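Biologist: Please take a close look at the sheet in this model. I would like one connected account of the strand order, the edges and what packs there.

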Amino acid sequence: MKELGFGIVGGGVIGPFHAKALSMVKGAKLVAVCDVRQPVAEEFARQFGVDAYTDLSEMLKREDLDVVDICTPSGLHAKLGIQAAEAGKHVQVEKPIDITLERADALIKACEKAGVKLSVIFQHRFDEATKKVKEAVEEGRFGKLILGDAYVKWYRTQEYYDKGGWRGTWKYDGGGSLINQSIHTIDLQRYIMGDPDWLFGRIAVMAHKIETEDLGLAIIEFKNGAKGVIEGSTAVYPGLPERLEIHGEKGTAIIESGKLVKWAIQGEEEVLEEKAEMSAAAEASAISENSHALQIQDFVNAILEDREPLVNGYEGRKALEVVLAVYRSAQTGEIVKFPLK
């Protein structure tokens, strides 16, 4: 198998996490890292034994660089991704794809024009629990879908928002608890329940000094007639495991922190509760690299096999659309219809 050279942009919390996940991926090798802060770049590079850069354009000149992995503040994803695509490099970006649909579309088009692959990190699509529920829904074993609920009741300190200066800002984070923390579960909700028809939302700042929300709520109706709710917060002490509930006329499945804790379908054996995985409910870095490694492996395979990755740009855009609909509804006080214009 050909080995693809990866370069990670961004040496904050998630960059080194991606580097650890890469070490578990066949056909991938970290060759360089980049951060505009020289001390951060150098320490990141030292930790993983690769070259350090403070200028992305310089890193892009490397002939052994095949994939640029963007782990910067969300509002920079499209800008840096477009720069990488124009240099002929495949692009992987952390969630969200960016903070506006216009930027997301610009990144998708740039990658298509350059003939490179684009993947957006939504690693929980690769969890065994997600795959099991998705397959059962597609096979009709739940019957008519009734409810699909996404609950993310996490806790973050004020120090978390103050550190780095970009979290909880409209300019770089694009929002708060919905677009940063809850978007993973919102992605799974739409992935399993299908496309939404309309949404009505509210946001508020309850416990932090930030520009954006630390509490977001929405009622959502899907095109198949099923309903659902979204609750996303970083103000719930001490932080609870994130939870996705899928209810159909013939059964129920509940995923909590990546584990299937409830499985009850008519005519099938009921599954007893599994132990939830390590969760980021109270600490952003408290997650396992396993699911990230599975998604990066899929991206490497997609490049080598010349196919689309499971979470390409269009798939990565879907959760962003839902979050932005909540913000728009909260701003206007009105129901928002999909697709979002």
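Modeller: The account below follows the sheet from its order to its helix, then turns to one salt bridge. This is a predicted model, in which local features need pLDDT of at least 70, side-chain atom pairs count only at pLDDT 80 or more, and totals for chains, interfaces and linings use all residues. Residues are numbered from 1 along each chain as its sequence is written, and side-chain values use heavy atoms, with hydrogens and water left out.

The open sheet has 6 strands, ordered E3-E2-E1-E4-E5-E6, with parallel pairing. Strands are DSSP runs of E with at least two residues, and helices are runs of H or I with at least four, both numbered from the N terminus; two strands pair if DSSP finds at least two bridges between them. E3 (51-53) and E6 (118-120) stand at the edges with a single partner strand each, so one side of each has no neighbour in the sheet. On average, neighbouring strands are turned by 25° against each other, direction ignored. Angles run from 0 to 180 degrees between N-to-C directions, with axes fitted as lines to C-alpha atoms, for helices over the stretch in contact.

Strand E1 (residues 4-9) pairs with strand E2 (residues 28-34) in the parallel sense over 6 bridges, and Gly7 stands opposite Ala32 in E2. Helix H2 (residues 38-48) packs on the sheet and touches E1, E2 and E3, contact being heavy atoms within 4.5 Å. The direction of H2 makes about 165° with that of E3.

Arg37 forms a salt bridge with Asp35, with the closest N and O atoms 2.9 Å apart; the term requires a side-chain nitrogen of Lys or Arg within 4 Å of a carboxyl oxygen of Asp or Glu.
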